[in-house]
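Let's take a friendly walk through a protein chain, stopping at a few places where the backbone or the side chains do something worth a look. Keep the picture beside you as you read.

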Amino acid sequence: MSQNGGRFNGGSALRIDGISREAPVLIAGPTASGKSALAMELAARDGRLIVNADALQVYENWRILTARPSAADERALPHALYGHIGREQAYSVGHWLREVAPFLDTRVVIVGGTGLNFNALTQGLAEVPDTPPAIRREADARRAAEGHEGLLAELDPATAARIDRQNPVRIQRAWEVLRATGRGLSVWQDDTPQPLLPLVRADALVLVPEVDWVNARIDRRFKEMLTHGALEEARANLDGWDPKRPSSKAIGGPELIAHIRGELTLAEATEAATLASRQYAKRQRTWFRSNMKAWVKLSLP
């Protein structure tokens, strides 16, 4: 596959002849860009195991809203790391990296929209200790009261220089690490071990869709999700709903819960969910451009 990129048809006829039949294949891309369809085509062609690299598709309580492979897809081809985590469980990049490691000895196609998972796999992951609950509560309280600026101001200079200052979650995590360990996050990152799968050993592809094309797919897909039971799926999550859980970040989940509670009409919830999905796709595209410059670009449609 040329490093200058190429094009493939995101519909039914995928041009996959230039993709390795032997090396591990990595497929990243924004939401609704056709990653799963390409992964299934490669798995059918090569006898590959499809391994999930999406941070939300691991949760058992969401299939429809996270666009997890259907039960029929999972019966047709082998899949791993989909829907195996309870909604109340924490699940980090480190958890994913430990779980994906045993599959690297077989022929795999690893697919998802969570760039941090791919970075950890191909560049290594700093072994940062978990944050003690008391420090997490302190950070949560401060961020709620004063925003993330106060936490940012207290970071060590090296971490502050490299962190995304527009990402409050990352800033809070860096503050928690410094508070808990006395070492800046940058120090932990600089001690990163060797990656499990260096990029040179994989066929790494990132899908680059035209904005109008992927936005239209996002809008159409959410309507299809509603037709296939997304509202009922959200209703099943209403009991014990906690918006702070990572599993509650599934786009469409908070919006449909608000509708079920009478806070939004279905039309309003649909509009809010599709807007959130478009914004998420934009953030993904920006992240991939900045962090996946060495990956092969596949332009869509």
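**Unusual backbone angles**

Our first stop is Ala32, which sits in the loop between β2 (25–28) and α1 (35–46). Its phi is near 70 degrees, a positive value in a residue other than glycine. Why look twice at that? Most residues other than glycine have a negative phi, and most peptide bonds are trans. Ala32 is also buried, with a relative accessible area of 6%.

A second alanine with a positive phi is Ala67, where the angle is near 55 degrees. You will find Ala67 in the loop between β3 and α2 (71–76). With a relative accessible area of 23%, Ala67 is partly exposed.

The peptide bond that leads from Leu300 to Pro301 is cis, with omega near 0 degrees. Pro301 belongs to the segment after β7 (296–300).

**How far to trust the picture**

Please keep in mind that this is a predicted model. The mean pLDDT of the protein is 93, and 95% of its residues reach 70 or more. Residues 1–14 are another matter: pLDDT stays under 50 there, and the model has 34 contacts for them beyond four places in sequence.

**Two helices and their neighbours**

Now turn to helix α3, which covers residues 93–100. Which of its residues are buried? They are Val93, Gly94, Trp96, Leu97 and Val100. These residues lie on the same side of α3, because they cover an arc of only 160 degrees around the axis. A general point helps here: an α-helix has 3.6 residues a turn, so residues three or four places apart point the same way. The buried residues of α3 pack against β3 (49–52), β5 (108–112) and α4 (115–123). At the N-terminal end of α3, Ser92 acts as a cap, with a side-chain oxygen 3.2 Å from the backbone nitrogen of Gly94.

Helix α12 (residues 253–260) also has buried residues, namely Gly253, Glu255, Leu256, Ile257 and Ala258. What covers them includes α10 (211–227), α11 (230–236) and α13 (266–291). Just after α12 comes Gly262, with a positive phi of about 85 degrees.

**Two residues of strand β6**

Strand β6 spans residues 203–209, and Asp203 is part of it. Does Asp203 count as buried or exposed, and what charged side chain is nearest? Asp203 is buried yet has no salt bridge, and the nearest side chain of opposite charge, Arg48, is 6.7 Å away. A salt bridge needs the nitrogen and oxygen within 4 Å, so that distance does not qualify. Asp203 does have a polar neighbour: a polar atom of its side chain lies 2.8 Å from the backbone nitrogen of Ser20.

Val206 has its place in strand β6 too. Val206 is buried, with a relative accessible area of 2%. Leaving out residues up to four places away in sequence, Val206 touches Ala28, Phe288, Met292, Trp295, Val296, Lys297 and Leu298. Take Phe288 from that list: Phe288 and Val206 are 82 residues apart along the chain, while their C-alpha atoms are separated by 7.7 Å.

**Salt bridges**

Side chains of opposite charge can pair when their charged atoms come close. In this model the count comes to 13 salt bridges. Here are some of them.

| Salt bridge | N to O distance |
|---|---|
| Asp46 and Arg45 | 2.6 Å |
| Arg183 and Asp191 | 2.8 Å |
| Glu88 and Arg245 | 3.6 Å |

What does the pair of Glu88 and Arg245 tie together? Glu88 lies in the loop between β4 (79–80) and α3, and Arg245 lies in the loop between α11 and α12, so the pair ties together parts that are 157 residues apart in sequence. Glu88 is exposed, with a relative accessible area of 60%, whereas Arg245 is buried at 14%.

The pair of Arg183 and Asp191 has partly exposed partners: Arg183 has a relative accessible area of 29%, and Asp191 one of 49%. Salt bridges that share partners also join Arg21, Arg45, Asp46 and Arg48 into one network. Within that network, Asp46 is buried, with a relative accessible area of 9%.

Technical notes:
Residues are numbered from 1 along each chain as its sequence is written. This is a predicted model: local features need pLDDT of at least 70, side-chain atom pairs count only at pLDDT 80 or more; totals for chains, interfaces and linings use all residues. Side-chain values use heavy atoms; hydrogens and water are left out. Buried means under 20% relative accessible area, exposed over 50%, partly exposed in between (1.4 Å probe, protein chains only). Helices (H or I, at least four residues) and strands (E, at least two) are DSSP runs, numbered from the N terminus. The arc is that of the directions from the helix axis to the C-beta atoms. Contact means heavy atoms within 4.5 Å. A polar contact is a pair of N or O atoms within 3.5 Å; within protein, one must be able to donate a hydrogen and the other to accept it, and residues adjacent in sequence count only if both atoms are side-chain atoms. Lys and Arg count as positive and Asp and Glu as negative; His and the chain ends are not counted. pLDDT is the predictor's confidence in each residue, from 0 to 100.
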